[in-house]
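Here are my notes on the model you sent round. I've kept them to a few numbered points, so have the structure open as you read.

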Amino acid sequence: MGSLENQFTELYIHDSVWNSEVAKRTRSLLKVSAIRVDSKPYADQRSQLSGDEFTKSKKRLYLAPHLGQFFRKCPGTQGAACCNYFVLNLGVQCNMNCSYCYLQSYINSPLSQIYTNIEEALFELEGKAREFPNAPFRVGTGETIDSLSLDDLTLYSAVVVRWFQNFPKLTCEFKTKSANIKNFINLPHSGNVVVSFSVNPEKIVEAEEHETARLWQRLKAARDAADAGFPVAFHFDPMIYVSGWQKLYSELVHLICSLFEPLEVKWISVGALRFPPQMKHILRERFGGDSIGNSSELFLGKDGKLRYDLGLRTKMFTHVKDEFLEHGKKFPVFLCMETPESWLGTFQNTPRKVKGLDELFVAMPS
Ligand code: SF4
């Protein structure tokens with residue numbers, strides 16, 4: 001990953017939060033001069049972004065309070081088995097640059113945004129926790145923005161870790177492709193903040209996951225987090241079909257098995273490349289016709305997304321599941337945003353009936 005200080009070429013801060021801690025820290029850490037504004041810049045540009053505009057949106061940062069709802073159910077995908085996940089969005093857009101990134105399909109704002117009012121987000125979450133005191137909500141902060149890659153600007157990870165100490169029944173997930181754990185790793189915690197890393201074989205990281213932490217950096221950060229008593233998790237998502245994929249994913253499983261014990265790993269999710277067809281043009285524009293999204297043979301599913309065919313997906317998921325079993329380590333492996341047919345093909349069962357996974361799939365209030 002490049003250094004944070006040069007990552008943005010434009011910085012806008014809403015007047016109402018100019019003197020907030022996040023704004024002051026961001027102004028001191030970024031090289032670009034901040035512009036004080038009383039409304040959102042580029043507000044008139046709300047149509048679908050071109051590839052070039054999307055790239056520019058990663059270089060412009062806007063700090064402002066979020067005026068809508070923070071906490072909501074993970075949208076999942078139509079027809080997929082739902083793992084009852086909730087999201088707490090603390091910003092939108094990502095400073096890394098994966099070729100297959102799903103954000104390219106729905107972000108239509110020409111700038112990245114960090115929400116400055118995390119206290120209100122946590123207040124909203126507290127309301128839910130008190131309304132449903134026995135519901136074991138799993139809440140992730142890494143859906144529309146990476147949980148940790150901009151943490152040096154916000155220090156939100158420390159705020160979240162401290163907050164979750166008071167709500168031991170809830171689980172939080174920091175989901176990242178960075179290795180930035182330094183702002184919370186030495187804090188006392190209640191063991192209910194899961195530090196999770198999306199992983200792929202290094203060959204795929206190099207080719208498709210631009211400006212992210214290298215695989216070894218992510219695994220080292222995961223090891224450090226586990227040593228500090230944080231549960232860790234891994235997302236084999238999206239698995240990508242390339243020549244020699246079996247060997248590459250076997251090696252990745254082997255690495256994880258050699259570094260972690262099942263008790264340290266809260267879950268391992270597995271999913272495959274998927275995106276809506278309208279994202280193809282932006283992939284072609286930003287990464288060329290040979291990029292993985294344009295060169296793969298994908299088929300339109302019932303949820304309107306392009307994916308590998310069911311047979312290949314099942315083969316890929318089964319490969320990863322069986323590799324873990326071969327190492328004799330019982331990690332809780334489950335499928336992310338996959339159809340009942342995939343579950344049956346991979347596990348010969350539905351998720352509620354797979355031992356160790358049933359609690360992830362219980363019905364939850366929304
Ligand atoms: S890290 Fe995630 S959100 Fe960021 S570019 Fe990659 S896929 Fe998109």
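1. Let's begin with the contact between H8 and H11. On the H8 side you'll find Gln 246, Tyr 249, Ser 250 and Val 253, and these meet His 319, Val 320, Glu 323 and Phe 324 of H11. Sorted by class, the contact of H8 with H11 has four nonpolar, three polar and one charged residues. Bear in mind throughout that this is a predicted model.

2. Next, the geometry of that pair. Two packed helices are described by the angle between their axes and the distance between the axes. Here H8 covers residues 245-259 and H11 covers residues 310-326, and their axes come within 10 Å, crossing at roughly 40 degrees. H8 and H11 are therefore oblique to each other. As for handedness, the crossing of H8 and H11 is right-handed.

3. Now the ligand. Which residues surround it? The list runs Cys 94, Met 96, Asn 97, Cys 98, Cys 101, Leu 103, Asp 146, Lys 177 and Thr 212. Broken down by class, that shell has five nonpolar, two polar and two charged residues.

4. Last, a look at Asn 19. This residue sits in the loop between strand E1 (10-14) and helix H1 (21-29). Is Asn 19 buried or exposed? Asn 19 has 9 other C-beta atoms within 10 Å, and 12 or fewer counts as exposed, so exposed is the right label. If you want a distance to check on screen, try Asn 19 to Phe 71: the two are 52 residues apart along the chain, and their C-alpha atoms are separated by 26 Å.

Note on methods
Residues are numbered from 1 along each chain as its sequence is written. This is a predicted model: local features need pLDDT of at least 70, side-chain atom pairs count only at pLDDT 80 or more; totals for chains, interfaces and linings use all residues. A residue is near a molecule or strand if its C-beta atom, placed from the backbone, lies within 6 Å of it. Ala, Val, Leu, Ile, Met, Phe, Trp, Tyr, Cys and Pro count as nonpolar, Asp, Glu, Lys and Arg as charged, and the others, Gly among them, as polar. Helices (H or I, at least four residues) and strands (E, at least two) are DSSP runs, numbered from the N terminus. A residue is buried if 20 or more other C-beta atoms lie within 10 Å of its own, exposed if 12 or fewer, and partly exposed in between; C-beta atoms are placed from the backbone. Axes are lines fitted to C-alpha atoms, for helices over the stretch in contact, and angles run from 0 to 180 degrees between N-to-C directions. Angles under 35 degrees count as roughly parallel, over 145 as roughly antiparallel, 65 to 115 as roughly perpendicular and the rest as oblique. A crossing is left-handed if the near helix is turned anticlockwise from the far one by less than a right angle, and right-handed if clockwise. Two residues are in contact if their C-beta atoms, placed from the backbone, lie within 7 Å.
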